[in-house]
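Reader: I would like to learn how to read charge pairs and cores in a model. Where do we begin?

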Amino acid sequence: MPVILVLEDDSSTRNGLVETLRSLFVGVRVASGRSDAAPGIVTVERADVVLASMAAVERLYRNGAPEGVAVVALTREMSPDTLLRAEALGMAGALRAPVGAEQLAMALGPMLDPARR
């Protein structure tokens, strides 16, 4: 079963994302934690996709993001500089926050397809 890991400090935002993801992706396990969670949480949760703030994603890559994990940043700022930072880190994508269900489905759906993993 694929796993999405949501790393977010604000509990209401985190809970809202988890609820939305669970309703969108019924056959997927959705785990969550604070963005400052130990880097090993990605491995412990056996995440296939990580959804986190840009700062959390940058921390994750500095600490050695596990190979084969699709990392997607949630950011309020989608400037060319932000997109270049995302590309330089090797992220799978970046989504403008706040993000809606349709955008989550379109961005994460293909990443959860077993044929593409």
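Author: With a definition. A salt bridge is a side-chain nitrogen of Lys or Arg within 4 Å of a carboxyl oxygen of Asp or Glu. Keep in mind that this model is predicted.

Reader: How many salt bridges does that rule give?

Author: Side chains of opposite charge can pair when their charged atoms come close. Here the count is 4 salt bridges.

Reader: Which residues are linked in a network of salt bridges?

Author: D9, R34 and D36 form that network. Within it, D36 and R34 meet at 3.4 Å, N to O. R34 is partly exposed, because its relative accessible area is 43%.

Reader: What does the pair of R85 and E58 tie together?

Author: Start with the distance. The closest N and O atoms of R85 and E58 are 2.9 Å apart. R85 lies in helix α4 and E58 in helix α3, so the salt bridge ties together parts that are 27 residues apart in sequence. R85 is partly exposed, at 31% relative accessibility. E58 is partly exposed too, with a relative accessible area of 21%.

Reader: And where do E45 and R29 lie?

Author: Their side chains meet in a salt bridge of 2.9 Å, N to O. E45 sits in the loop between α2 and β3, while R29 is in strand β2, so this pair joins parts 16 residues apart in sequence. R29 counts as partly exposed, at 33% relative accessibility.

Reader: Now the cores. Which residues have the most contacts inside the largest one?

Author: In soluble globular proteins, nonpolar side chains tend to be buried together. The largest nonpolar core here has 20 residues, and I4, L21, L51, L104 and L108 have the most contacts inside it. Two or more residues come from each of β1, α1, β3, β4 and α5. The element that gives the most is α5, with 4 residues.

Reader: What does L104 touch?

Author: Leave out residues up to four places away in sequence. L104 then touches L17, T20, L21, L24, F25, L51, L95, V99 and G109. Another core, of 18 residues, lies apart from the largest one and includes A52, A86, M91 and A94.

Reader: One polar residue to finish. Is T75 buried or exposed?

Author: Buried means under 20% relative accessible area. T75 counts as buried because its relative accessibility is 9%. T75 belongs to strand β4. A polar atom of the T75 side chain lies 3.1 Å from the backbone oxygen of E77. Beyond neighbours within four places in sequence, T75 is in contact with T82, L95, R96 and A97.

Methods: Residues are numbered from 1 along each chain as its sequence is written. This is a predicted model: local features need pLDDT of at least 70, side-chain atom pairs count only at pLDDT 80 or more; totals for chains, interfaces and linings use all residues. Side-chain values use heavy atoms; hydrogens and water are left out. Buried means under 20% relative accessible area, exposed over 50%, partly exposed in between (1.4 Å probe, protein chains only). A polar contact is a pair of N or O atoms within 3.5 Å; within protein, one must be able to donate a hydrogen and the other to accept it, and residues adjacent in sequence count only if both atoms are side-chain atoms. Contact means heavy atoms within 4.5 Å. A nonpolar core is a set of buried Ala, Val, Leu, Ile, Met, Phe, Trp, Tyr and Cys residues joined through side-chain atoms within 4.5 Å.
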